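Hi,

Here is the structure I said I would pass on. Have a look at it first, and then read my notes below.

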Amino acid sequence: MRAVPRWPLWLGARVRRALGAGTAVAAAALACGWPYWRGHPAEAAVTLACCGGFAAAGGLLAAGRLGRRTGAAFLFAAAAWAVTWTGAWNAGAAPLVSVFAQSVFFVAIGVGVVMYPGGRLAGAAARLWTAAAVVVMVGGQALLCAVSRPGWNGFHASVAWPSVHPDQEVFRWAQRGVTVAMVVLAGALVILLLARLPRTGRLDRAFTVPVAAAVTIGVSTALAVQGRLLGTAVTLDDVLRVYFIQGFCATTLPVVFLFTALRARLSELTVVERMNRLTAPVSVEKVRDALRSVLGDAALDLWLWADGGYVGADGRAAASPETPPGRWRREVRTSGGEPLATVDVAAALRGHEALVEAALTAGGRALETVRLQAAAQAALERARDAQERLVRVQAAERERLAADLQRSARARLRALERTLARLEDAAADPAAREQARICRRELAEAVAELDDLARGVHPAILADAGLAPAMELVAARAAVPVRLDVPAGRFPREIESTLYFALCEALANAVKHAGAGVVELTVRPGPDEIVAEVRDDGAGGAVPSPRGGLAGLTDRVRALRGRVTIESPPGEGTALTITLPASGRG
């Protein structure tokens with residue numbers, strides 16, 4: 001038989017311990033303030049509920065993953081609040097313990113707020129504020145005790161009180177000074193919390209804003225009622241009434257913190273549903289964007305393990321294994337321990353590791369699926385890289401071959417032509433001279449054909465002067481007017497070569513097939529891509545042939561990760577657009 005659980009699921013060990021702490025602190029508050037509670041049952045019920053709730057909320061925070069030290073500070077503050085009510089006995093050292101317990105209560109609350117959510121005093125400003133809080137709240141209270149008598153503070157004249165130099169005028173000025181210092185301290189706390197907002201992630205910001213609002217409201221109310229105790233005509237009822245109001249207002253803080261902790265836990269519980277909803281249908285980009293949404297990090301990046309290395313969503317190898325400042329890289333492995341993926345998230349998410357773990361676990365199956373897509377994309381990228389390298393090599397070889405033809409073969413043929421000229425002049429036989437003249441003419445035609453071949457392989461002007469002068473020469477030889485708009489700057493060798501031959505092919509098609517009267521040729525370089533356009537006023541209706549010149553042009557452009565688009569409505573001319581990546585432009 002299955003064992004019947006002793007406690008409901010919602011009443012786990014953590015909750016039971018927190019409720020026990022709340023009950024103990026409420027009982028202590030009841031005992032410490034019993035003389036006052038007997039005549040004020042309504043205040044007693046509210047205070048005991050708030051005091052116990054304060055301690056229970058602190059206990060729950062201390063037992064959770066987010067804000068443990070803040071929860072411990074709140075638990076300590078709740079105990080100090082309970083001890084504050086010893087002033088109700090108005091005898092012996094109880095009032096003295098009461099006023100210092102009140103100071104400790106506020107210091108503990110402030111330190112708990114400053115430590116949230118990292119659990120430490122991060123930065124010099126937080127440490128300075130903590131030191132100032134101790135000096136103002138505890139040291140200020142010690143100063144007030146030293147320059148006053150117990151009756152001026154609302155207590156019986158016979159109680160134990162460390163009066164060193166009682167003076168009513170000095171006491172009033174000390175009260176005003178300590179109150180001003182408390183106002184400055186409270187304002188500094190709010191500023192400290194708000195100053196953290198630009199440096200925190202979206203998740204922490206969602207928690208910090210309600211905390212800052214609760215601190216502002218709670219502290220403002222506490223300081224407002226503290227003003228009732230200024231002067232020397234204060235009664236015990238005045239003191240205890242201020243204790244009641246301040247404690248009631250302070251209870252909003254642990255409630256807000258508990259709300260943020262529950263909100264964080266709710267995010268963890270709903271992450272599976274959100275990941276499943278955001279990743280359908282599954283793709284690398286969908287999984288990455290889903291993680292960005294769930295974790296609140298728009299800069300989150302995702303790399304998947306494929307073929308012995310990590311690749312990005314585009315299939316390209318991950319840039320650097322080093323983690324940049326302000327980032328945190330979390331590796332994901334399969335159930336068998338093999339690498340699956342790595343996510344790069346904001347370092348602030350270290351404080352929400354449980355949420356990150358839940359999101360990655362929920363997206364595990366999707367990551368397994370998209371890893372296959374990433375492997376296929378990586379193979380495609382390798383093929384594109386190889387094709388791109390081939391285009392670069394071909395451009396370099398074309399340039400080298402054209403130069404060799406110009407320097408070597410053409411020079412030798414010209415030397416042979418000069419030799420034939422000398423032979424023609426030296427020959428006495430008319431028939432020999434005629435044959436020499438024929439040979440010279442044939443050789444000149446061969447040299448001209450060789451020049452045309454060299455220009456077809458790679459024009460010298462393209463290598464020497466760039467795309468703009470080369471296209472000006474082509475436009476000058478065209479059968480129709482060509483309006484050029486090409487910048488004078490240089491491009492990488494493979495870009496210039498690809499654009500030159502693609503534009504020449506497009507220009508030839510416009511003249512030969514479209515019956516154009518005017519052709520406009522423009523090249524517009526940009527920061528990310530280079531766009532070239534050939535527009536004519538011909539017949540339109542162009543349909544690319546799978547084996548035509550435009551097909552080869554398109555393949556060459558695609559090899560450099562570019563694209564070709566054609567708009568050719570019948571009777572309205574043709575516009576051919578070539579787009580190439582601008583990386584490496586000179």
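**What turned up**

R327 counts as buried, since its relative accessible area is 18% and the cut-off for buried is under 20%. Keep in mind while you read that this is a predicted model.

So what does R327 pair with? Its salt-bridge partner is D344, and the closest N and O atoms of the two are 2.7 Å apart. R327 sits in strand β3 (residues 327-333) and D344 in strand β4 (residues 339-346), so this pair ties together parts that are 17 residues apart in sequence. D344 is buried too, because its relative accessibility is 6%.

There are 9 salt bridges in the model by the count used here. Another one joins the side chains of E496 and R490, at 2.7 Å from N to O. The two ends of that bridge are worth checking one by one: E496 is buried, at 3% relative accessibility, whereas R490 is partly exposed, at 32%.

Next, have a look at helix α11 (residues 284-295), which holds both D289 and R292. These two are 3 residues apart, about one turn of the helix, and their side chains meet in a salt bridge of 3.8 Å, N to O. Are they buried or exposed? Neither, as it turns out: D289 is partly exposed at 37% relative accessibility, and R292 is partly exposed as well, at 24%. The pair also belongs to a network of salt bridges that links R288, D289 and R292.

Now for a pair of helices. Helix α6 covers residues 124-146 and helix α7 covers residues 168-195. How do they pack against each other? The angle is about 160°, and the axes are 10 Å apart. Angles over 145 degrees count as roughly antiparallel, and α6 and α7 are therefore roughly antiparallel to each other. Their crossing is left-handed.

Last, something on the surface. Which residues make the nonpolar patch? They are L30, W34 and W89, and the patch comes to about 310 Å². W34 is found in helix α2 (residues 34-37). With 41% relative accessibility, W34 counts as partly exposed.

If you want a place to start on screen, try R327 and D344, the salt-bridged pair, and then go over to the patch made by L30, W34 and W89.

Cheers

Note on methods
Residues are numbered from 1 along each chain as its sequence is written. This is a predicted model: local features need pLDDT of at least 70, side-chain atom pairs count only at pLDDT 80 or more; totals for chains, interfaces and linings use all residues. Side-chain values use heavy atoms; hydrogens and water are left out. Patches are made of residues with over 30% relative accessible area and no salt bridge: like charges are joined within 9 Å, nonpolar side chains (Val, Leu, Ile, Met, Phe, Trp, Tyr) within 5 Å. Accessible areas come from the Shrake-Rupley method with a 1.4 Å probe; for residues, only the protein chains shown count as cover. A salt bridge is a side-chain nitrogen of Lys or Arg within 4 Å of a carboxyl oxygen of Asp or Glu. Helices (H or I, at least four residues) and strands (E, at least two) are DSSP runs, numbered from the N terminus. Buried means under 20% relative accessible area, exposed over 50%, partly exposed in between (1.4 Å probe, protein chains only). Axes are lines fitted to C-alpha atoms, for helices over the stretch in contact, and angles run from 0 to 180 degrees between N-to-C directions. Angles under 35 degrees count as roughly parallel, over 145 as roughly antiparallel, 65 to 115 as roughly perpendicular and the rest as oblique. A crossing is left-handed if the near helix is turned anticlockwise from the far one by less than a right angle, and right-handed if clockwise.
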